[in-house]
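Me: Hi! I'm new to this one and would love a friendly walk through it. Could you bring it up so we can chat?

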Amino acid sequence: MKSIVTVPILNKITRFLVPAVAFFVASPAFSAQILFQTEKTSFSQNEEFLISAYVDTEGEMLNAYEGKIIFPAQFLEGKEVRDGNSLVNFWIERPSLQQPNEGKQEIVFSGITPGGFSGAKGFLFSIIFRTKQSGTGTIQADRLRFLKNDGKGSPVPAHASSFSFAISSEISTSSPIKPILDDAPPEDFMPFISNDPNIFDGKNFLVFSTQDKDSGIDHYEVREGNGAFVRAESPYLLKDQSSDADIEVKAVDKKGNERTAKVSTEQEPEGKQKFLIFGILLVSALALIGVSVRKKIWKKSSSN
Amino acid sequence: MQLKKTQNRPLFYGMAAMISTLFFCVGYAYSEEYSSSQYTVLDPVMNAGGYGSSTNFSLLGVISQISNGPGSSANFGDNAGFLYYPSVSSPAVSATPGSSQVSLSWTASQGYSGWAVSGYNVARSTTSGGPYTYTSLGNVTSDTQTGLVNGTTYYFVIVVKDAFARAIASSTEISAVPVAAVVPPSGGGVAGGGIITTKPPPLVPTAETAAEFSGKAYPFSKVFILKDGQIVKRSIADAEGNFVGKLTGLAAGDHSFSIYAEDKNGIHGSLFTFPVYLTKGVTTVIGGIFLAPTISVDKSEVKRGERIAIFGQAAPNAQVTININSNIFVQQRSDKDGDYLLNFDSSALELGASSVKSKQALGSEISQFSNGVGFKVGTKNVKIETSGCAEKGDLNGGCRINLVDFSIAAYWYKRPLNAAFKEVEAKYLNGDGKIDLIDFSIMAYYWSG
């Protein structure tokens, strides 16, 4: 038996009075994806190729991305990951090659873009592979997680089409992938000293981050005082908590170009800055009044 | 699909037809109600075609049931009923001159209340203000205008189109002067691994790589320009809220620029972010940036039935649309100082959590919505002092969400939280007792650099 939906007359009139004055295109079911792009899918043995991973946000504004790229270690050797020029501004886990495990090798990544990114082809990173033995296989993305720039970290469905490749028994005669021509240092940056009761037991630590648009950042080094530069990651617990000695942070890109920045203390919050400005103004005003009063006294005493 | 016919409705149809005629002067006829296993459409209405209009509204056509808001499923999408203040945001545009060409890119317009963007037109002229010639594009956010005369100033406007290819918003005008190419310098390399880059060649190798910004915020507001998430420039808007800023000595390549402003009450506006490719030795101009208003409330909890003040700063004399809980819209006009205030009667709200956001329109420019501000509708009034600090993400209480907060979160990433930091996580992040990607996403949303 067919049911009839009944609605009170008043409700119907109300619904009718709510005018349907416009007709809009419905939004399709939403899903963001990772796109793999390379020049070909068939290779010889011992051939190098480069594959790039892009994000298509499908019109949505996203600000956080994570996942892993998995490939068969018996067919491919991962040589290098290039993340210069990535849409990710801050890596939580910078994409890097993990040790092969059970015939598979992974590249894990996780990062954010403050303010979000929306676009059909946002560059994440690229990977250089060298083929090994003949056969067929796939490069695939797994555990993808894309989050909206909505203040809640709402997830969006994410998927990636796997990239299938074939390796013939021929030995490659093609030349390897050209190294990136990068003679520019990483971009200028400003490390901060800060402290917070919630990490490092409230001790002073250093934070730093910069970009290299060509080859990408390889690592950072920190030097306290006249000591040697040591490899470091942000946040970095300062060894010497009391020293007033200079602290320097060196950013090194994947071609070995370096940028060294001296440390400044963390910017004061705006409220404190206002108090500071008010204090300076107050002291200046008092000084002016003092000078003025002194002049008057001097004039009086000289006229007497 | 199985169709069902509704019976015994002559009285209602008669009344409905009379009201329809009176109010809209458009003839309607009810169609059959129908349903499938996935959805049901009640009282579908179709008009006979043709447009209706009056001084207050324009009827484009109706194929719809009468209900509020959009509905969708995996198999079907529908937007029906009276969609409140549908609008799209104006794009911000960047122009990079090349030899006999100008590369344009723009931020995607965001549609609200069901309005979708179908594409864009590029309007081009050698005279400011037009007349323009138009290039019709699909739903893309970049274009290269070629065949231009080097040394001539060209003016561009990006026009946003709806599903009927009608212009529904536009950017402000932006200009660029194509310049004859010189021999590109050696070196440089290909960005991002070297697959596809079709950028214009470098023009003047000795010139600096720079980006020039202009747009509108709030009168005398502090404007912050961020490059790749970190503050690199501060500026002050003028009495009309206009601001400009120029960054020099930049590296060529893809950059993520963000801009926000802090109003006279110290309230931070929302981050407006856009990706721009900078060409070596070329100044890229980015214009038409129209920031969302700042927004705040005077109570963290309002007793249901009493008023809550919703306020902020926008451009002077802008039309500010205040949106409460996604379904209540109120329009206000900001005063000459850009201030707006709405004393909202909370009777219309359910008990529990609410949130409010706002956007502004001035002429043909429409901003995006601001970030939302939360408050509770309850049984008492709890006043708050406006601190200007973001309600989430500020892990160290510094009133800024920046690399320090990111580093604190990064420290606890994949580690068990101690009791003290659990409280911080509960207050400033998503409160699930761990630090993962969601918490970083929250910080990225409230980011201030």
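Me: How many residues of domain 1 of chain A are in contact with domain 2 of chain A?
Reply: In this predicted model, five residues of domain 1 of chain A are in contact with seven residues of domain 2 of chain A.

Me: What kinds of residues are on the domain 1 side?
Reply: The side of domain 1 of chain A that touches domain 2 has one nonpolar residue, two polar ones and two charged ones.

Me: And where are the two domains of chain A in the numbering?
Reply: The domain assignment gives residues 29-171 as domain 1 and residues 179-288 as domain 2 of chain A. The C-alpha centres of these two domains lie 31 Å apart.

Me: What pLDDT does chain A average?
Reply: The average for chain A is 82, and 79% of its residues score at least 70. Over residues 1-29 of chain A, though, the pLDDT is below 50, and this stretch has 57 contacts in the model beyond near neighbours in sequence. Residues 266-276 of chain A are also below 50, with twelve such contacts.

Me: How should I read low-pLDDT parts?
Reply: Where pLDDT is low, the predicted coordinates should not be read in detail.

Me: Okay, on to sheets. What order do strands 16, 15, 18 and 19 of chain A take?
Reply: Those four strands form an open, antiparallel sheet in the order 16-15-18-19. Strand 16 and strand 19 (258-262) of chain A are the edge strands, and each pairs on one side only. From one strand to the next, the twist averages 30°.

Me: How many bridges are there between strand 15 and strand 16 of chain A?
Reply: Strand 15 (residues 217-224) of chain A pairs with strand 16 of chain A over three bridges, in the antiparallel sense. In that pairing, A:Val222 stands opposite A:Val230 of strand 16.

Me: Where is the cis peptide bond involving A:Pro235?
Reply: The bond from A:Ser234 to A:Pro235 is cis, with omega near 0°. A:Pro235 is in the loop between strand 16 (230-232) and strand 17 (236-237) of chain A.

Me: What about B:Pro131?
Reply: The peptide bond from B:Gly130 to B:Pro131 is cis too, with omega near 5°. B:Pro131 is found in the loop between strand 15 (119-125) and strand 16 (133-137) of chain B.

Me: What do most peptide bonds and phi values look like?
Reply: Most peptide bonds are trans, and most residues other than glycine have a negative phi.

Me: What is the phi of A:Asp201?
Reply: A:Asp201 is not a glycine, yet its phi is positive, at about 55°. A:Asp201 sits in the loop between strand 13 (192-194) and strand 14 (205-207) of chain A.

Me: Is A:Asp201 buried or exposed?
Reply: A:Asp201 is exposed, because just 8 other C-beta atoms lie within 10 Å and a residue with 12 or fewer counts as exposed.

Me: And B:Asn317, what's its phi?
Reply: Phi of B:Asn317 is near 55°, which is a positive value in a residue other than glycine. B:Asn317 lies in the loop between strand 30 (307-313) and strand 31 (319-324) of chain B. With 13 C-beta neighbours inside 10 Å, B:Asn317 counts as partly exposed.

Me: Let's stay with chain B. How many helices and strands does it have?
Reply: Chain B has four helices and 37 strands. Of its 449 residues, 46% count as buried. Among the contacts in chain B with a separation of 6 or more, 61% are between residues 24 or more positions apart.

Me: Why is helix 4 of chain B described as largely enclosed?
Reply: Eight of the nine residues of helix 4 (residues 437-445) of chain B are buried, so the rest of the structure largely encloses this helix. Among the buried ones are B:Leu437, B:Phe440, B:Met443 and B:Tyr445.

Me: What covers those buried residues of helix 4?
Reply: The cover includes strand 4 (62-72), strand 6 (90-97), strand 7 (104-117) and strand 9 (135-148) of chain A, together with helix 2 (403-412) of chain B.

Me: One more sheet, please! What order do strands 23, 22, 25 and 26 of chain B follow?
Reply: These four strands make an open sheet in the order 23-22-25-26, with antiparallel pairing. Strand 23 (230-236) and strand 26 (272-278) of chain B each have a single partner strand, so one side of each is left without a neighbour in the sheet. The twist averages 25° from one strand to the next.

Me: How many bridges join strand 22 to strand 23 of chain B?
Reply: Six bridges join strand 22 (residues 222-227) to strand 23 of chain B. Across that pairing, B:Phe224 stands opposite B:Arg234 of strand 23.

Technical notes. Residues numbered from 1 in each chain as written. Chains lettered and ligands numbered in written order. Predicted model: local features only at pLDDT ≥ 70, side-chain atom pairs only at ≥ 80, totals over all residues. pLDDT = per-residue confidence, 0-100. Contact = placed C-beta atoms within 7 Å. Helix = DSSP H or I, 4+ residues; strand = E, 2+ residues; numbered from the N terminus. Buried ≥ 20, exposed ≤ 12 C-beta atoms within 10 Å, placed from the backbone. Pairing = 2+ DSSP bridges. Axes fitted to C-alpha atoms, helices over the stretch in contact; angles between N-to-C directions. Domains from an automatic or database assignment. Nonpolar A, V, L, I, M, F, W, Y, C, P; charged D, E, K, R; others polar.
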